[in-house]
Amino acid sequence: LNDVTDQLATTRPGTVYLVGAGPGAADLITVRGLRLLRSADVVVYDALIDPGLLEELSLHAERVYAGKRGYCVGNTLQETIHDLLVNRAREGLTVVRLKGGDPCVFGRGGEEAEYLAAHGIPFEIVPGVTSAVGACAAANIPLTHRDAGQAVALVTGHFDPDSPDCRLNWAGLAGMSNIVVYMGLRHLERIVAKLADAGMAVDTPAAVIERATRPDQRIIDGTLESIAGLATDADVQAPAVLVVGECVRFRERLLALAERAAEVVA
Ligand code: SAH
């Protein structure tokens, strides 16, 4: 009987924590996320994770790279990650699934949570600063400034705007005060053209923020009309977000004010 009780105790599944690592810089993870990372038995992490975060793992922790170019390829990737999370949890281990930004903002955290729940694995979603929010903060763009409209749309630019996979309502988006596009680099030119065709003013301020909150972050400023060309000229690479809307105008204003303040102090 003791054997059986032991076995039951060891096979009680561990918890899987779906943890947001924040927008880029290692120290932008939440306190809770960091605490869980330090105590995890297994950490399954994505390509966008700052390597500095991995230095926080305990010595015994198993680390599994699950980036698109690493762990496995093609459409089996997501299923393989699902199975790995379930299998390790069933061994009674505490698992951290570490994702860039927030796990549930274009991060498939919802799908992983569903899979875990369906397989009887306890889980907890730990929020992170999503890159739209982190990038705008790092670029001095006050995303919901009261004078810059009353709404923000978070948009995926992953799908070819001219393919049936893309179900974005361009007229609706063109009418928004502020939008942030994730994964939009490949289709940048056509995304901005769709917005302009749908009636968004071509002189609407826009910015592309590359590698936000990292030491080598770059910010390209322009307008709806010019931003795609400027981003190409600057050879912007992923990860980057596109921000379009009145909120971007406040960046220039803030920078000018800050400069003037610095002159006064000097
Ligand atoms: N769950 C993540 C998003 C994953 S999708 C989040 O909440 O932020 C990947 C996209 O996120 C990238 O294509 C890019 O648009 C954006 N992104 C992630 N990290 C970024 C960074 N440091 N700077 C700019 N954009 C970033």
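# Questions and answers on this chain

User: Does Asp165 count as buried, exposed or partly exposed, and what is its relative accessibility? I mean, which of the three?

Analyst: Bear in mind that this is a predicted model. Asp165 sits in the loop between S6 and H7. Partly exposed covers the range between 20% and 50%, so Asp165 lands in the partly exposed class, with a relative accessibility of 48%.

User: How far apart are the C-alpha atoms of Asp165 and Phe106?

Analyst: Along the chain, Asp165 and Phe106 are 59 residues apart. In space, their C-alpha atoms are separated by 16 Å.

User: Another loop residue, then: is Arg146 buried or exposed?

Analyst: Arg146 belongs to the loop between helix H6 (131-138) and S6. Its relative accessible area is 79%, and the cut-off for exposed is over 50%. Therefore Arg146 is exposed.

User: What separates the C-alpha atoms of Arg146 and Cys247?

Analyst: In sequence these two are 101 residues apart. Their C-alpha atoms, though, are separated by 9.2 Å.

User: What about Thr156: buried or exposed?

Analyst: Thr156 is part of strand S6. Skipping residues up to four places away in sequence, it touches Phe106, Leu168, Val181, Tyr182 and Met183. Buried means under 20% relative accessible area, and Thr156 has 17%, so Thr156 counts as buried.

User: Which backbone nitrogen does the side chain of Thr156 reach?

Analyst: The contact runs from the side chain of Thr156 to a backbone nitrogen at 3.1 Å. That nitrogen belongs to His158.

User: On to the ligand. Which of the residues around it come nearest?

Analyst: There are 17 residues around the ligand. The ones that come nearest are Pro23, Val105, Thr130, Ser131 and Ala240.

User: How many Å lie between the polar side-chain atom of Thr130 and the oxygen atom of the ligand?

Analyst: Let's go through the polar pairs. A backbone N or O atom of Pro23 sits 2.8 Å from a ligand nitrogen, and a polar backbone atom of Met183 is 2.9 Å from a ligand oxygen. For the polar side-chain atom of Thr130 and a ligand oxygen, the value is 2.6 Å.

User: What percentage of the ligand's accessible area does the protein cover?

Analyst: On its own, the ligand has 550 Å² of accessible area. The share of this covered by the protein is 91%.

User: Which helix supplies the largest share of the largest nonpolar core?

Analyst: This core has 24 residues, and Leu173, Ile179, Leu195, Val208, Ile227, Leu242 and Val244 touch the most other members. At least two residues each come from strand S6 (152-156), helix H7 (170-174), strand S7 (178-182), helix H8 (188-197), strand S8 (205-210), helix H9 (227-233) and strand S10 (240-245). The largest share is four residues, supplied by H8.

User: How many residues are in the other core?

Analyst: It lies apart from the largest core, and Leu36, Tyr45, Ala61 and Val126 are among its members. Its size is 18 residues.

User: Why do the buried residues of H8 lie on the same side, and what arc do they cover?

Analyst: The buried residues here are Leu188, Ile191, Val192 and Leu195. An α-helix has 3.6 residues a turn, so residues three or four places apart point the same way. The buried set of H8 is on the same side because it covers an arc of only 90°.

User: Which exposed residues does the face of H8 turned away from its buried side carry?

Analyst: The buried residues of H8 are covered by elements including H7, S7, S8, H9 and S10. The face turned away carries the exposed residues Glu189 and Asp197.

User: And H2: what arc do its buried residues cover?

Analyst: In helix H2 (residues 31-39), the buried residues are Gly33, Leu34, Leu36 and Leu37. They sit on the same side of H2, because they cover an arc of only 165°.

User: Which residues are exposed on the other side of H2?

Analyst: The buried residues of H2 pack against strand S1 (16-20), strand S2 (42-45), helix H3 (51-54), strand S4 (95-99) and strand S5 (123-126). Exposed on the other side are Val31 and Arg35.

User: To finish, what percentage of the residues of the chain count as buried?

Analyst: The chain has 10 helices and 10 strands, and its C-alpha trace spans about 75 × 55 × 35 Å along the principal axes. Out of 266 residues, the portion that counts as buried is 44%.

Key:
Residues numbered from 1 in each chain as written. Predicted model: local features only at pLDDT ≥ 70, side-chain atom pairs only at ≥ 80, totals over all residues. Heavy atoms only, no water. Buried < 20%, exposed > 50% of the residue type's maximum accessible area, 1.4 Å probe, protein only. Arc of directions from axis to C-beta. Contact = heavy atoms within 4.5 Å. Core = buried A, V, L, I, M, F, W, Y, C linked by side-chain atoms within 4.5 Å. Near = heavy atom within 4 Å. Polar contact = N/O pair within 3.5 Å; in protein donor to acceptor, adjacent residues only side chain to side chain. Areas by Shrake-Rupley, 256 points an atom, 1.4 Å probe, with all protein chains shown as cover.
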